[in-house]
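Me: I would like a close look at a single part of this structure, with its surroundings described step by step. Please keep it plain and connect each point to the next.

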Amino acid sequence: MKQKAFEAGRIAALSDGVFAIAMTLLVLDLKLPELGPGLDFEAFSAALIEQGPRFLSWLISFAILCRLWITQHALLAGAEQRSRGFVGWFFLFLGAVAFIPFPTSLLSEHRDQPLSVVIFSVTLAVAGFALLRMHRDIIRRRPTGDGGASSTDRPAIVLLVTALLAAILALF
C-alpha cells in the first residue's frame, strides 16, 4: 500500500535531526592550529588568522543552513500532513542539506579552485530548487490555490540565482 500523505510533525522531526547533524559537522571542520608551547603573540595571532578561510566558510554555511531551516519550517507549518510529492522533494532537500559540510570543507581547503565554488553552488542550487518544488506542491494542492509566487518562494529563488551566479563567476 502506497502512502499518500505523511505527518508534518514526523517530517519536521527528521528535518531537525538532519539540520542538527549538518550544523555539527560544519563546526568539526574548524581545527585548532597546531601550536607548540611558549609561542609568542605574533605567531599565535598568525596561526589563528590562518584559520580565517575555514571560519568564514563555516559562518557562511551555518547562515545558509539557518535560512534553509527557517524556510522549510514555514513550508511545514499550517498543515498536519504533506503529500507524497512534497516528501519526495523534501528528501532531495535534506540530501543537499546533509551534503553541505563536504563542499564547505572543500571550499575552505581549496578556495583557489573554481570547482570548489561550483560544487558548493550546485549543492545550494539543489536545495533551493527542492524548496521551490515543495512550495509549488503545496500551492498546487490548495483548494483555492492561486499558483502565484509568495514570500516563501523568495528565499528559494534568491538561493538559486546566487548559486548560479557564483558558479558562473567561479568559472571565469
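Reply: In helix H4 of this predicted model, the buried residues are Phe86, Val87, Phe90, Phe93, Leu94, Ala96 and Val97. The helix itself covers residues 84-99, which is 16 residues. From its first C-alpha to its last, H4 reaches 23 Å, close to the 22 Å expected at 1.5 Å a residue.

What lies over these buried residues? The cover of the buried residues of H4 includes two strands, E1 (5-7) and E2 (81-83). Helices also belong to that cover, including H1 (8-28), H3 (52-76), H5 (101-109) and H6 (114-141).

For orientation, the protein chain has 7 helices and 2 strands. Read from the N terminus, these elements follow the order β-α-α-α-β-α-α-α-α. The chain has 172 residues, and 37% of them are buried. Contacts between residues at least 6 apart in sequence are mostly of long range: 79% of them join residues at least 24 apart.

Phe86 gives a detailed example from H4. Leaving aside neighbours within four places in sequence, Phe86 is in contact with Leu75, Leu76, Met134, Asp137 and Ile138. Leu75 and Leu76 are among the buried residues of H3, and H6 spans residues 114-141.

Phe86 is also part of a wider group. The largest nonpolar core has 32 residues, and those touching the most other members are Leu65, Leu68, Phe86, Phe90, Phe93 and Val97. Two or more residues of this core come from each of H1, H3, H4, H6 and helix H7 (153-171). H6 gives the largest share, 8 residues. A general tendency fits this picture: in soluble globular proteins, nonpolar side chains tend to be buried together.

H4 also takes part in a pocket. The second largest pocket has a volume of about 160 Å³. Its lining includes Val87, Phe90 and Phe91, together with Gln3, Phe6, Glu7, Arg10, Ile11 and Leu14. E1, H1 and H4 each supply at least two of the lining residues. By class, this lining has 6 nonpolar, 1 polar and 2 charged residues. Val87 and Phe90 therefore appear twice in this account: both line the second largest pocket, and both count as buried, with under 20% relative accessible area.

Next comes H3, one of the helices that cover H4. H3 has 25 residues and reaches 36 Å from its first C-alpha to its last, close to the 36 Å expected at 1.5 Å a residue. Its buried residues are Arg54, Ser57, Trp58, Ser61, Ile64, Leu65, Leu68, Thr71, Gln72, Leu75 and Leu76. Just after H3, Gly78 takes a positive phi of about 80 degrees.

Ser57 of H3 leads to another pocket. The largest pocket has a volume of about 230 Å³. Of the 16 residues in its lining, Ser57, Ile60, Leu107, Val117 and Phe120 lie nearest the centre. H3, H5, H6 and H7 each give two or more residues to this lining. H3 gives the most, with 6 residues. By class, the lining has 10 nonpolar, 5 polar and 1 charged residues.

Is Ser57, which lines this pocket, buried or exposed? Ser57 has a relative accessible area of 9%, so this residue is buried. Not counting residues up to four places away in sequence, Ser57 touches Thr104, Leu107 and Ser108. The C-alpha atoms of Ser57 and Pro103 are separated by 9.5 Å, although the two residues are 46 apart along the chain.

Leu107, one of the residues touched by Ser57, belongs to helix H5. Leu107 counts as buried because its relative accessibility is 19%, and the cut-off is under 20%. Apart from neighbours within four places in sequence, Leu107 is in contact with Ser57, Ser116, Val117 and Phe120. Leu107 and Val117 are 10 residues apart along the chain, and their C-alpha atoms are separated by 6.4 Å.

To return to the starting point, H4 has Phe86, Phe90, Phe93 and Val97 among the core residues that touch the most other members. H3 and H5 are both part of what covers the buried residues of H4, and each gives two or more residues to the lining of the largest pocket.

Notes. Residues numbered from 1 in each chain as written. Predicted model: local features only at pLDDT ≥ 70, side-chain atom pairs only at ≥ 80, totals over all residues. Heavy atoms only, no water. Helix = DSSP H or I, 4+ residues; strand = E, 2+ residues; numbered from the N terminus. Expected span 1.5 Å × (residues − 1). Buried < 20%, exposed > 50% of the residue type's maximum accessible area, 1.4 Å probe, protein only. Contact = heavy atoms within 4.5 Å. Core = buried A, V, L, I, M, F, W, Y, C linked by side-chain atoms within 4.5 Å. 1 Å grid on protein atoms, 1.4 Å probe; cavity = no way out; pocket = protein on both sides within 12 Å on 5 of 7 lines; lining within 4 Å. Points joined across faces, edges and corners; volume = space filled by probe spheres on them. Nonpolar A, V, L, I, M, F, W, Y, C, P; charged D, E, K, R; others polar.
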